[in-house]
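Student: I am new to this structure and would like a close look at a single part of it. Could you start with the whole chain and then lead me to one residue and its surroundings?

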Amino acid sequence: MNKLILVNGDIATGKSHFALLLSERFNLPLFTKDEYKERLADQSPCSTYQESHLLSIKAMDMLVDVFIKNARENADLILEANFHEDYLKKISTIANKYNYQILNLNLVGSPEILFQRYVNRRDHETRHPVHAINMLNDYQSFKKYCEDRKKEKMIGEIIEIDTDDFSYQSNEELLNRIKEFLLR
């Protein structure tokens, strides 16, 4: 049976970095929403939240298309994004059609810590400008976003990972669970 790992979760949990570590450790192709959103923004710059949101939707659609193309080839892979329920349903449908098992690594953390990381990243790190256009510039909006995400229905075998510190990224027990999933 084919394997799909979703690195999913809240903003500022370290999804991208962890997905890259997993890709390298398990020699799996990795595709991320942000890489597609950044490419789209380079071709079609945006300045408003609505424009940025449309690019996010297009990027998620591209991520689903990449899954379909890889599924036709029976390839194991990793997809990374802050997946919402509507896209998880699409991915689940494709996974069922192409006989995939899904491991959903859901990265979460306390909103206070995540917001502090988010603000630090926004103010002190060099990221693509498209990531600076959003509606989460105050703690209450950020917290509500995190709370709303927790209400969404997840798919696959779910491992919820507390990311209040980054020790999970080298946690051998967690990495062994992921390896066991891939070997089933």
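Tutor: This is a predicted model, and a starting point is its charge: the chain carries 25 positive and 29 negative side chains, with the centres of the two sets 4 Å apart. The accessible surface amounts to about 9700 Å², and carbon and sulfur atoms account for 50% of that surface. As for overall form, the C-alpha trace spans about 45 × 35 × 30 Å along its principal axes, and the radius of gyration of 16 Å agrees with a compact globule, because a globule of 184 residues would have a value near 16 Å. The chain holds 7 helices and 5 strands, which follow one another along the sequence as β-α-β-α-α-β-α-β-α-α-β-α. Of the contacts between residues at least 6 apart in sequence, 80% join residues at least 24 apart, and 49% of the 184 residues are buried.

The single part to look at closely is Thr 13, which sits in the loop between strand 1 (2-9) and helix 1 (15-26). Thr 13 has 0% relative accessibility and therefore counts as buried, since buried means under 20% relative accessible area. Within the same stretch of sequence, a polar atom of the Thr 13 side chain lies 2.9 Å from the backbone oxygen of Asp 10. Leaving aside residues up to four places away in sequence, Thr 13 touches Leu 107, Val 108, Leu 114, Arg 117, Thr 163, Phe 166 and Tyr 168.

Key
Residues numbered from 1 in each chain as written. Predicted model: local features only at pLDDT ≥ 70, side-chain atom pairs only at ≥ 80, totals over all residues. Heavy atoms only, no water. Helix = DSSP H or I, 4+ residues; strand = E, 2+ residues; numbered from the N terminus. Rg over C-alpha atoms; globule rule 2.2 N^0.38 Å. Buried < 20%, exposed > 50% of the residue type's maximum accessible area, 1.4 Å probe, protein only. Contact = heavy atoms within 4.5 Å. Areas by Shrake-Rupley, 256 points an atom, 1.4 Å probe, with all protein chains shown as cover. Lys, Arg positive; Asp, Glu negative; His and termini not counted. Charge placed at Lys NZ, Arg CZ, Asp CG, Glu CD. Polar contact = N/O pair within 3.5 Å; in protein donor to acceptor, adjacent residues only side chain to side chain.
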